[in-house]
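Colleague: Please take me through the terms used for this model. I want each label set against its cut-off.

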Amino acid sequence: MKNDLEEKLFKFSKEYKVNSSSLCCYSVLFSALARDVSVNVYSESDIKDLCEKHGVAYKKYYHGVGQVYSLKSGDKEFYLNKTKFLDGFLPKEFSKKDLKNLEGIDFKSPKGVVFRARSFNENIIERNDIKYPVVLKPVGGSMGKGVYLDIRSYEELSKHVSESPAGELVVEEQVKGDEYRIYFIKGQYYGAVKRMPANVIGDGSLTISQLIKNKNRRKKDKNLPVINFDKALSFLTAKGMSENDVPTKGEFVPLTNVLGRSSGGDIYDVSENLPDWIEQKICSLGKYFTNNLCIGLDVIISNNDFFVIEANDRPQLSSLLTPDQGEGRNIANALVESLFPNSVLKYEVGPGVGNVKKAINVVRNKGKSLLIEPRFFDFSEMINKTNDRNYKDFRLPINSNRLMSRREAFSRGMSVSTWKNNSGSARWSISGPNRSLVFRENMPPSTSQSTRSLTNDKERTKKRLLKSGVSVPAGIRIKSVDTDAALKWFDSLGGSSLVVVKPFNGSGGKGVTSAIGTKSEMLSALSCLEDVDVVLEEHIHGYDYRLLVVDGVYKCAIKRDPAHVVGDGFSTIESLVEQKNKLRLYNPYNGKYPIKLDDVALQRIMKKGFRRTSILNFGEKLYLQDIANIGAGGDSENVTNEVHPDFIEIAERVYSSFSDLAFCGLDLITQDISQPAASQRYAVVEVNANCDFAIHHFPTKGEVYNAAGAILDALFPESSLAPIFTKKIRVNGKVQGVGFRKWFWRQAVIRSLNGFVSNHDDGSVFAVVQGSLSAIDDLVRISNKGSERSIVRSIEIEEVNDLERFESFVIH
């Protein structure tokens, strides 16, 4: 019975999207790391040195980067080439040459002979009394490559010998029967699979061609070798069949004589279904393989006879890991356990196992070996897997909240206006068919100024929440220069809590210092805030979440992670920050807030033993900040669907604590928002009436949530997505060489329009735009004014139908 850790390891090993050959290495490495065994991935130059050290002839195709690695735990270290010991070799009795010499061997192998291709003649067959039909295969071959079956004459055999690129070949009598691969681990039988040729099973309605296409689609989804259609067609023709034949329901139609997965065949797990006499025979052969890590023994069973075809001491594991029929077995985990019998599964495997592939690519690109230590390895998620590059079309110098509101409004066929009032304050409005709403910053009229002032006052907000039964952190409001009050409050905590210092009217994490553990640290943080009102609060342990509530209903949630970098084993911390900041620029929300490796951040990492020039281990995560605000360089992750009902109720209760509030973003700290609130400490630390909801549109990780859409649903419940129109637009005038296309692209994206814009040979600019009529009309209106350096003389517009749908707006 597998435990939960075993189940997850097996699941992610089977489902990992690599080809069946690569899965051998990856599955072993996954299992090693999960068992707290360190992995060394070697560069090409180091592999050459290792081969020389172990007395092994280096072959680039056989000793590739990612194929040669070592596993180490304590004082035990093993050097492997895929699934064999680096210096391992087959027992002499099982070499292809010696399998044809049966003297003194206690098992059968088909009669045959090894010969050099250039010296082949008919006497070789006659002298060894080999009977047709025969099989021809290369001595150094694998995975069915270069194998010819069912050869029935010398002429046919001679033809295939001349075609073969191999210098040394085996010809042997063809044995009819069922072919199996038997797996041994250090001489002990572990499991078995039955190999089937490429085939389809009739359903009584589809042609053979259609059945092949359907089966190949399923194989591609699993990253398995597909059936070669041309070879299958040739095989069918030789059998007097056609691709257009319709097999009867349940009819088995073979498509080749070659068995096994590499030729598109199927694999059945028969580990538990072998007859007793076969298991006894298998176990008797185990004595030959006690010095081998893993052996794949290919046998044919025919009429109670057992023939050994060949042995492979570097076998593929995918057949037993991912059979086409049967449960399969995690042979990779069994291999690691055989090397480290005292190890146990320690880490829970998740999507982060893909980081192994990242590590191998790093070694390949950098040309240097890399140590992967389980304690630094992130099993739960991919390293630096972000959405940021997906946002390149939104790299616009505009308020991101207003951008998303404008796009949503235009997609509903509404109009947007902007202006400044008499005092010079910016105002903007969204207008539908029946009414208009004027916004102050992100707030509609239904959010009153008094409510905004109340939520800005952290002390009054906390009192309001306490009355509603919502947990808040203990704290006081003082002047930053009132050190006596600060020290007295710090002493009242009894030394059991950490402290947060933040400006009373601050936002975006500015001026916030968290996780303060000493009086001197607290006084230092206060001194940085000059003579202002500040809040001292107890530091709540846990993760930082932002929840959005609209019109009293919970909508979405973001988990925020403090600014950090993840090591690649080669780059300095300073370089990692530069790399990450370049990536953040793609995100219109995150890009406004680069990670700063300033004096404060350097002091933090120095306490952890690092400098700006330190090199982190592969996968090692280093936090540069304690606060999780995006404004301080943090990341965000959409966790909308993970929020426990307890916290949804708390969020809606927070909203109900205030009147005249259209929507709010509340900041909550807890260990795990997916678990019941009563099982952990939590606290609501802030409520924001003018919250930045664009964060939900541009999460660093996870799916985008349309927060602007949720807000407009509440403000304009009568609105919905408008019909899509397509129009061709030609702009005449001085519009080339003046940046007009880029300006036009920006205006189109703001208005949620798709399509393209390009320069025309006659000096005009031509565009095709798709979207709501109000958005297109507004684009035409602003285009008449043109960009700063352009001169627009006329615009021609033509409505078109039946044109393809565009997914974005691009410049041609």
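The exchange below takes up the whole protein, one sheet, one helix pair and one residue.

Modeller: The model is predicted, so local features need pLDDT of at least 70 and side-chain atom pairs count only at pLDDT 80 or more, while totals for chains, interfaces and linings use all residues. Residues are numbered from 1 along each chain as its sequence is written, and side-chain values use heavy atoms, with hydrogens and water left out.

Colleague: How many helices and strands does the protein have?

Modeller: There are 22 helices and 34 strands. Both are DSSP runs, numbered from the N terminus: helices are H or I with at least four residues, strands are E with at least two. The C-alpha trace spans about 110 × 75 × 50 Å along its principal axes.

Colleague: What makes β6 and β8 a pair?

Modeller: Two strands pair if DSSP finds at least two bridges between them. Five bridges join β6 (residues 134-138) to β8 (residues 168-173), so the definition is met. The two strands run antiparallel. Pro-138 stands opposite Leu-169 in β8.

Colleague: Which strands are at the edges of that sheet?

Modeller: The order is β5-β8-β6-β7, an open sheet of four strands with antiparallel pairing. β5 (112-116) and β7 (148-151) each pair on one side only, which makes them the edge strands. The twist averages 20 degrees from one strand to the next. Helix α5 (residues 154-163) packs on the sheet and touches β5, β6, β7 and β8. Contact means heavy atoms within 4.5 Å.

Colleague: Why is α13 called roughly perpendicular to α14?

Modeller: Helix α13 (residues 449-456) and helix α14 (residues 458-467) pack at about 95 degrees, with their axes 5 Å apart. Axes are lines fitted to C-alpha atoms, for helices over the stretch in contact, and angles run from 0 to 180 degrees between N-to-C directions. Under 35 degrees is roughly parallel, over 145 roughly antiparallel, 65 to 115 roughly perpendicular and the rest oblique. Therefore α13 counts as roughly perpendicular to α14.

Colleague: How do you know whether Asn-587 is buried or exposed?

Modeller: Buried means under 20% relative accessible area, exposed over 50%, partly exposed in between (1.4 Å probe, protein chains only). Asn-587 has 0% relative accessibility, so Asn-587 counts as buried. Asn-587 lies in the loop between α17 (573-584) and α18 (599-607). Not counting residues up to four places away in sequence, Asn-587 touches Asp-388, Tyr-391, Lys-592, Phe-698 and Pro-699. Across the protein, buried residues make up 53% of the 812 residues.
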